[in-house]
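Reader: I've got a model open and I'd like to know what the descriptive words stand on. Can we go through it together?

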There are 2 protein chains.
Amino acid sequence: MPEIISLNKQQLEKEYENYKLSGRKLDMSRGKPSAAQLDNLSGLLTQLTKNSDCFAEDGTDCRNYGCIDGITEAKRFFAKILDVEEEDVVVCGNSSLNVMFDVISNAFAFGVRGCLPWSKQGGLKFLCPSPGYDRHFAITELFGFKNIPVPMKSDGPDMDVVRKYIENDPAVKGIWCVPKYSNPTGITFSDKIVKEFAELKPAARDFIVMWDNAYAVHDFSPSSGTLASALKEAKKQNSGDMFFVFSSTSKITWPGGGISCVAASAENIKWFLKILSIRTIGYDKLAMLRHARFLNSHLNSVMEEHAKIVKEKFYLCYEYFEKLKREVAGFEFSRPNGGYFISVNVPAGRAKKVVNLASEAGLKLTPAGATFPGGQDPEDKNIRIAPTYPTLAELEDALKLFSICVKLA
Amino acid sequence: MPEIISLNKQQLEKEYENYKLSGRKLDMSRGKPSAAQLDNLSGLLTQLTKNSDCFAEDGTDCRNYGCIDGITEAKRFFAKILDVEEEDVVVCGNSSLNVMFDVISNAFAFGVRGCLPWSKQGGLKFLCPSPGYDRHFAITELFGFKNIPVPMKSDGPDMDVVRKYIENDPAVKGIWCVPKYSNPTGITFSDKIVKEFAELKPAARDFIVMWDNAYAVHDFSPSSGTLASALKEAKKQNSGDMFFVFSSTSKITWPGGGISCVAASAENIKWFLKILSIRTIGYDKLAMLRHARFLNSHLNSVMEEHAKIVKEKFYLCYEYFEKLKREVAGFEFSRPNGGYFISVNVPAGRAKKVVNLASEAGLKLTPAGATFPGGQDPEDKNIRIAPTYPTLAELEDALKLFSICVKLA
């Protein structure tokens, strides 16, 4: 129980000093699965142990070159979890972030949707629903875009603001989205918002939606989240060429040791493959086969095991955050039913201070501001909480310290 | 025995028709290992079968995120085969071609060696020792470079031509090299040539040497090839920042299922990692661990097994090509002691015809001209022979047909 909350200032300071002196090393900074989650995946290690195991269902020898767009069973896996057609999927390497980088980089160097390369256009802008994912924003920042924050609401980005920008300004080339269990707020875009995305009428002919569906199957219970298929909806509206959909197994199996994909319209897949076939002879088909074999039969049980472990940690957070909310005016938090993150708002002007206090006492948090473009939270209040990596005992320790820091700040 | 050679024109035409009617499907087009080679690698499949197998020697959990530059034991592997320092190595994903593309792409978008991005410079040129590797040339072509052919000699590129271009023209930004068992001629750069590379004084401050050491350990016998370390030589000459060295396990273990690397100066590694850390959270460390464990103890035996299989095929080619050389004026061929390719020159103006004849009778060869920039062989005489993929029986069949086509053309 979070009894720490009821301490007075002097007691809080003493507790804080005790933490500092204890030399703890706690980490709630990144969305990493815990060792317990990874230990549930040993079945994946033994999918391919003999040479005869290494052939895909169509006979492709996955040990050799070839198959630029990925093997069929891996396409089927991603098509199913993303609710898209198999032929819209290209299966890629161990990192979907890498594929997103490539899409931006390809559009920059060679142009997308038949338009002039972005490198030859000036004043580039990209929309960043915020709070959002710092690594997304870092990519467009690197390529010289002005990242423009767009407010996030409980059912998705503020679409009036989105439309205002993209319908009037041809320099706005795209928007970053994590449409399900959004990083960090945990909200899932409503069907209405997905439909409004498909109906967008951008001023730029080369406008693209970077739809990072990283948490497609990361529900705490089978009923907790549903997301409409943006690509299907867009095809209905004749706007399919606007969407690049991404996903990976990074938080299903091994982060950095799995497979990823991009799904898009036939035109966009053709564009992507044309450049990809000069970039590489193909991605790792043995990784694809290992994952497809394991996940096409074990996905549900794996995600149920994950949910059991992750949910308990989220609920422990909610318990502490409820108390903080009652005692600290202006303290708010999101309460997702899946995903990897909780978004916390401390009183305005206090987020940096909380993160610094925590850091000095041995608790690493995502830097304050990281969830906004350029690392600049205009109100200095948002903090992303990533509770999955620590054990439950470490998490409780971290939450106590976090609560002390919030109250002290 | 290649008795086919002594047939007269009418007999040749009849034999050719027989091939055509038989509906054969033979392939000597790409440098792919054979099934027999891949079957020797089953030990690699069982390196990691339990969760406790998945930790690197420094304790890193290879199942989770982190370690952007690769695990120590994989760096050690590449440092050893490339004769460079461990700290100069970044271990990457399943494709070194991908890493080469990224170096070019990064220099294009962000600039390399502190210079203006190539995308903001005009009239870009790249040197292409020819005959050379078509996939290299395709990358610089895609980025809008004018690919300039440079003649290949028996000990490396014609360095007088290289110097003439790069010392006088700041638009010449780099050169492609396969310095050992060069694709396709099979020659290895002499120590003198490597030293001359290190001593180059390019007009462009952002000139780079793309040193693709793909066949570093692919010798038919332990004594057959040695290549000086370009990076070490360059460091002596203070020109280390000019070199990007690449390699992979694609032709050691599984093509497309292995690991790759880039090795470079401290400055260049810093530059590469800065962009890489925005591109991805890290490459596949389980693939690294699997390979490092297996190869740090089995490299020699694996390469001896490969050599036994590959050498027999090369020598069968030499047997046929010797006969052709005696009977067809202008027929020439290289005789490498390792690697994956043999370079053949047919009489000038006949390469396209040979490749077409072969294709119509069921033998796929690398397109004539592919070994030159833009697919344009000025003398239409060079053909790349890739004898590794077919079985020995299929290869003999293919060589008979190839001989018929050369004589008919």
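Reader: At what angle do helix H5 and H6 of chain A pack, and how far apart are their axes?

Author: This is a predicted model, to start with. In it, helix H5 (residues 96-110) and helix H6 (residues 134-142) of chain A pack at an angle of about 25°, and their axes are 10 Å apart.

Reader: Why are H5(A) and H6(A) called roughly parallel?

Author: Set the angle against the cut-off. Angles under 35 degrees count as roughly parallel. The angle here is about 25°, so H5(A) and H6(A) are roughly parallel to each other. Their crossing is right-handed.

Reader: Which residues meet where H5(A) and H6(A) pack?

Author: From H5(A) you have Leu97(A), Met100(A), Phe101(A) and Ile104(A). They meet Arg135(A), Ile139(A) and Thr140(A) in H6(A).

Reader: What word describes H12(B) relative to H13(B), and what makes it fit?

Author: Oblique. The axes of helix H12 (residues 351-360) and helix H13 (residues 392-408) of chain B come within 9 Å and cross at roughly 135°. Roughly antiparallel needs an angle over 145, and roughly perpendicular covers 65 to 115. An angle of roughly 135° fits neither range, which makes H12(B) oblique to H13(B). H12(B) passes H13(B) in a right-handed crossing. On the H12(B) side, the contact is made by Val354(B), Leu357(B) and Ala358(B). H13(B) brings Leu401(B), Phe402(B), Cys405(B), Val406(B) and Leu408(B).

Reader: Back to chain A. What makes strand E3(A) largely enclosed?

Author: A residue is buried if 20 or more other C-beta atoms lie within 10 Å of its own. In strand E3 (residues 125-130) of chain A, 5 of the 6 residues are buried, so the rest of the structure largely encloses it.

Reader: Which strands pair with E3(A), and how do you know that they pair?

Author: Pairing takes at least two bridges. E3(A) has 6 bridges to strand E4 (residues 146-153) of chain A, and the two run parallel. One example is Leu127(A), whose bridge partner in E4(A) is Ile148(A). E3(A) also pairs with strand E6 (residues 172-177) of chain A, in the parallel sense over 3 bridges. There, Lys125(A) has Val172(A) as its bridge partner in E6(A). Both bridge counts, 6 with E4(A) and 3 with E6(A), meet the cut-off.

Reader: What unit do E3(A), H6(A) and E4(A) make?

Author: A right-handed β-α-β unit. So H6(A) turns up twice: in that unit, and packed with H5(A).

Reader: Why are E10 and E13 of chain B said to stand at the edges?

Author: Look at the strand order first. In chain B, 3 strands form an open sheet in the order E10-E11-E13, with antiparallel pairing. Strand E10 (332-333) and strand E13 (382-385) each have a single partner strand, so one side of each is left without a neighbour in the sheet. E10(B) pairs with strand E11 (residues 342-345) of chain B over 2 bridges, in the antiparallel sense. Phe333(B) has Val344(B) as its bridge partner in E11(B).

Reader: One residue to finish. Is Asp160(B) buried or exposed, and how do you know?

Author: A residue is exposed if 12 or fewer other C-beta atoms lie within 10 Å of its own. Asp160(B) has 10 such neighbours, so it counts as exposed. You'll find Asp160(B) in helix H7 (residues 159-168) of chain B.

Methods. Residues numbered from 1 in each chain as written. Chains lettered and ligands numbered in written order. Predicted model: local features only at pLDDT ≥ 70, side-chain atom pairs only at ≥ 80, totals over all residues. Helix = DSSP H or I, 4+ residues; strand = E, 2+ residues; numbered from the N terminus. Right-handed = clockwise from strand over helix to strand, strands pointing away. Axes fitted to C-alpha atoms, helices over the stretch in contact; angles between N-to-C directions. Left-handed = near helix turned anticlockwise from the far one by under 90°. Contact = placed C-beta atoms within 7 Å.
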